[in-house]
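Visitor: I'd like a quick tour of this one, with the cut-offs spelled out. Can you take my questions as we go?

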Amino acid sequence: MKPVAIFRHSPTEGPGYLATYLEAHSIDWKLVKIDAGEPVPIAAGEYSGLAFMGGPMSVNDDLPWIPGALQLIRAAVEEGVPVLGHCLGAQLMSKALGGTVCASPHKEIGWGRVDVADNEQARAWFGDTRGFLGFHWHGETYSLPPRGACIASSPYCDNQVFVLDRHLGMQCHVEMTPEMIRAWCVSSKEELVRCASPAVQGPCELEAHLLPRLAALHGVAARLYARWTSELKQ
């Protein structure tokens with residue numbers, strides 16, 4: 001099978017648990033380091049799937065790699081190559097497929113409830129899971145692209161997870177590791193103080209009960225990743 005391409009947009013926002021899952025299931029993957037200046041591939045068909053990670057930038061920023069990423073996502077959907085988006089990655093998917101990305105009414109940072117929708121698409125991806133404690137770090141949000149279906153929401157964000165056929169976009173982060181969370185707390189210390197609100201937690205709360213919370217979150221991620229990888233192109 002061709003490898004999964006994983007797009008990293010910031011040095012501290014790598015594949016995390018996604019890489020762990022792929023390796024545990026003997027699925028090859030290749031890291032495309034957009035943050036290091038690596039070019040966006042032109043042909044989606046070179047890969048079995050495309051996974052876009054998070055990043056501090058906006059999809060509306062005038063960055064040289066964004067048009068190529070949007071075009072690659074459109075090509076992948078046209079060719080049936082599964083696309084997976086985490087936070088910024090989901091926003092790239094939305095914009096590429098006809099949605100819009102704008103400032104969220106609430107900046108959302110920290111651990112918070114995610115409610116799974118009661119519809120057929122949600123059950124196909126989440127199984128019996130009706131809700132979980134997700135990890136959030138975003139100041140923007142997206143609208144659903146045409147034909148996209150919302151399968152999860154949170155009190156501060158209506159469109160937490162959407163699907164479009166075999167493609168999955170998540171505003172929340174299910175890929176987190178202890179190292180990633182600790183690194184983000186250090187690099188964003190001033191932001192956490194400046195943006196303090198009921199929807200923004202401080203470092204102590206972000207790191208509280210870290211291992212059991214991540215174990216539960218990875219259980220949800222494994223279910224989603226299993227459904228997504230079942231559609232990878234040969």
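What follows is a short run of questions and answers on a strand, some rings and a glutamine.

Guide: Ground rules: this is a predicted model, where local features need pLDDT of at least 70, side-chain atom pairs count only at pLDDT 80 or more, and totals for chains, interfaces and linings use all residues. Residues are numbered from 1 along each chain as its sequence is written, and side-chain values use heavy atoms, with hydrogens and water left out.

Visitor: Which residue in β3 is the bridge partner of Ile6?

Guide: Strands here are DSSP runs of E, at least two residues, and helices are runs of H or I, at least four, numbered from the N terminus. Two strands pair if DSSP finds at least two bridges between them, and β1 runs parallel to β3 with 4 bridges. The β3 residue bridged to Ile6 is Ala51.

Visitor: And which residue of β2 does Ala5 stand opposite?

Guide: β1 also pairs with β2 (residues 29-33), parallel again, over 5 bridges. Across from Ala5 in β2 you'll find Lys30.

Visitor: Which residues point the other way from Val4, Ile6 and Arg8 in β1?

Guide: In a regular strand, side chains alternate between the two faces of the sheet. Both sets in β1 are buried, where buried means under 20% relative accessible area, exposed over 50% and partly exposed in between (1.4 Å probe, protein chains only). Opposite Val4, Ile6 and Arg8 point Ala5 and Phe7.

Visitor: What is the angle between the planes of Phe7 and Phe52?

Guide: Rings of Phe, Tyr and Trp (its six-membered ring) pair if their centres lie within 6.5 Å; planes under 30 degrees apart are stacked, over 60 edge-to-face, the rest tilted. The whole structure has 9 aromatic pairs. In the stacked pair of Phe7 and Phe52, the centres are 4.3 Å apart and the angle between planes is 5°.

Visitor: Why does Gln160 count as buried?

Guide: Gln160 belongs to strand β8 (residues 157-164). Contact means heavy atoms within 4.5 Å, and beyond four places in sequence the contacts of Gln160 include His136, Tyr142 and Met170. Gln160 counts as buried because its relative accessibility is 0%.

Visitor: Which side chain does Gln160 join through a polar contact of 3.0 Å?

Guide: A polar contact is a pair of N or O atoms within 3.5 Å; within protein, one must be able to donate a hydrogen and the other to accept it, and residues adjacent in sequence count only if both atoms are side-chain atoms. At 3.0 Å, the side chain joined to that of Gln160 belongs to Ser154.
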